[in-house]
Amino acid sequence: EADDTPDGLPGEEGSVPSNPAIGPIWLGAGAEELDVVVVEGALAGLEVVGLTSVAPSPQVAALAAAPDAGAPPIIPRSTWSPAPWSTAAGCEDGPRTASRLNAAVLHHTVSVNDYTEAQVAEMIRGIQYFHINGRGWCDIAYNAVVDRFGRIWEGRAGGLDKAIIGGHATGFNTGTFGVVALGQFHPTASPAAAAPSAAMLEGLARVVQWKFALHGTQAGGNVQLVSGANGNKFALGATATVHVLATHRDLAQTSCAGDLLVAQLGTIRARVAQLAHAHHLFRTFVGRSPTDAERVTWAAEVGRLGRNGAALALARSEAWAGAMVDRLYQEVLGRSGEVAGRDYWLGRMVAGLRFEDVAVQFYGSAEYYAGSGSASGFVTRLYDALLHRTPDAPGLTYWVRELESGRATPARVVGGFYASMESRLDRVAALYQSVLGRGPDGPGQQYWAQQLLTVDDVRLAADLAGSDEFAALALAG
């Protein structure tokens with residue numbers, strides 16, 4: 001591939017033109033002779049480089065690792081690469097890092113699709129050897145490799161959790177993530193071509209979405225990329241408008257990533273969008289990034305239940321309910337919950353108890369009341385915590401009298417605050433801000449304030465999370 005090269009910036013990797021080459025070609029076991037057919041032109045200076053691995057196949061299942069808790073299982077470079085970063089001219093400074101990640105570029109490689117799990121490490125070593133010794137590059141060009149079994153392999157040196165500049169697309173290496181599907185997916189190029197497996201498509205989607213989330217990159221839609229070198233499709237300084245998950249052929253005159261893989265782009269992109277939606281749900285409502293297993297589980301729920309249904313299901317999960325219980329302990333009582341108490345309230349919320357009813361019990365507890373010092377102090381604290389203002393004199397007098405006369409318990413006073421129109425309007429505004437990042441319009445705020453007399457705050461949050469606006473925010477990065 002003529003444009004499967006580093007950018008060739010002055011003084012950097014690729015400043016010397018890459019050697020012309022064909023490969024790598026996987027021969028498998030037992031090959032002793034190789035026929036070379038010249039289709040057009042004359043052949044001169046042919047060199048055939050054969051690589052036979054003598055390294056034992058790593059037990060990759062046991063060595064699977066991840067750069068962070070939210071990453072999918074990633075087989076580290078140390079399990080397959082016997083070669084360090086090249087010390088050739090132009091490589092002295094080691095792997096370079098871009099300031100941001102703008103897109104991912106999908107490739108394919110090697111000439112077969114029926115390889116075994118045990119052969120993959122050797123195949124990746126062959127690609128690296130070809131890139132360093134055959135093409136004169138600093139390392140394997142791709143940041144990550146995904147095999148037909150769905151396993152994700154760390155490629156180029158420097159750390160998969162960083163925006164390492166690859167050598168996979170001339171002019172567009174800086175700011176893109178080069179991920180290669182291990183196989184041949186262009187049917188006219190090889191009779192061995194085959195469609196990518198479902199496991200491979202899933203692995204591609206998971207590593208791309210994780211990288212996008214890690215770097216704050218939008219997970220859908222188009223992006224404009226400016227070429228940093230002269231390629232065979234875009235000249236230096238030209239702008240390419242491509243999808244954030246692009247293929248090599250979008251940026252160069254090439255058949256890569258193969259028609260059979262390109263035909264599955266819609267499936268991969270849709271899966272990335274599902275994973276991104278699940279990721280954004282967790283970030284919004286649980287207050288942390290999900291683990292890979294959580295992201296996969298809730299992406300499946302988005303597909304099964306729809307966006308609104310998945311949000312409601314998450315609201316009754318231990319993850320979301322636990323986060324809300326923990327927040328009540330900290331914001332209301334100023335401490336972490338003891339195990340028994342936390343488990344009790346978590347169980348009640350998972351079973352369907354309204355968040356408002358749980359909050360009333362926290363604010364109306366003897367612990368919260370005692371910490372206020374007096375009836376007046378208790379009511380003043382409620383005004384600040386629930387209405388976000390100082391109390392007016394008539395309101396303060398009324399509620400203090402209710403408490404001191406015994407006509408109302410602390411929990412009943414809290415319930416009165418929650419039921420007030422002022423509180424409901426305030427909670428609607430707060431939910432809009434936390435879920436959609438903006439305040440509500442007037443009619444919408446009034447509508448939902450009325451609804452909060454009968455439905456839970458969580459239901460409003462789930463409805464907002466099921467909206468097209470929330471889905472767009474999930475893709476925005």
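Modeller: Let's start with charge: Lys and Arg count as positive, Asp and Glu count as negative, and His and the chain ends are left out. Please keep in mind that this is a predicted model.

Colleague: Happy to. How far apart are the mean positions of the positive and negative charges in the protein chain?

Modeller: They lie 9 Å apart, taken over 35 positive and 47 negative charges.

Colleague: What about the fold: how many helices and strands does the protein chain have?

Modeller: The count is 18 helices and eight strands. The overall form comes next: the globule rule gives 23 Å for 477 residues, but the radius of gyration is 29 Å, well over that, so the chain is more spread out than a compact globule. Along the principal axes, the C-alpha trace spans about 105 × 45 × 40 Å.

Colleague: What share of the residues counts as buried?

Modeller: Buried means under 20% relative accessible area. By that cut-off, 47% of the 477 residues are buried. The chain exposes about 21400 Å², and carbon and sulfur atoms supply 53% of this area. As for contacts with a separation of 6 or more, 68% of them join residues 24 or more positions apart.

Colleague: Which residues have the most contacts inside the largest nonpolar core?

Modeller: That core has 122 residues, and those with the most contacts inside it include Val179, Leu261, Trp320 and Phe417. Helix α6, residues 265–285, gives the largest share of this core, with nine residues. Have a look at leucine 261: beyond its neighbours within four places in sequence, its contacts include Leu106, Phe185, Leu204 and Ile268.

Colleague: Now a single residue. Is serine 227 buried or exposed?

Modeller: Serine 227 is buried, because its relative accessible area is 3%, and buried means under 20%. This serine sits in the loop between β6 (222–226) and β7 (239–243). Leaving aside neighbours within four places, serine 227 touches Gly171 and Phe172, as well as Phe234, Ala235, Leu236, Gly237 and Ala238.

Colleague: And where does asparagine 308 lie?

Modeller: Asparagine 308 belongs to helix α7, residues 292–315. With a relative accessible area of 25%, asparagine 308 is partly exposed.

Colleague: How do I read its link to glycine 466?

Modeller: Set the distance in sequence beside the distance in space. Asparagine 308 and glycine 466 are 158 residues apart in sequence, yet 4.0 Å apart in space, C-alpha to C-alpha. Besides Gly466, asparagine 308 is in contact with Ala462 and Asp463, once neighbours within four places in sequence are set aside.

How values were computed. Residues are numbered from 1 along each chain as its sequence is written. This is a predicted model: local features need pLDDT of at least 70, side-chain atom pairs count only at pLDDT 80 or more; totals for chains, interfaces and linings use all residues. Side-chain values use heavy atoms; hydrogens and water are left out. Helices (H or I, at least four residues) and strands (E, at least two) are DSSP runs, numbered from the N terminus. The radius of gyration is taken over C-alpha atoms; the globule rule is 2.2 Å times the number of residues to the power 0.38. Buried means under 20% relative accessible area, exposed over 50%, partly exposed in between (1.4 Å probe, protein chains only). Contact means heavy atoms within 4.5 Å. Accessible areas come from the Shrake-Rupley method with a 1.4 Å probe; for residues, only the protein chains shown count as cover. The place of a charge is taken as NZ of Lys, CZ of Arg, CG of Asp or CD of Glu. A nonpolar core is a set of buried Ala, Val, Leu, Ile, Met, Phe, Trp, Tyr and Cys residues joined through side-chain atoms within 4.5 Å.
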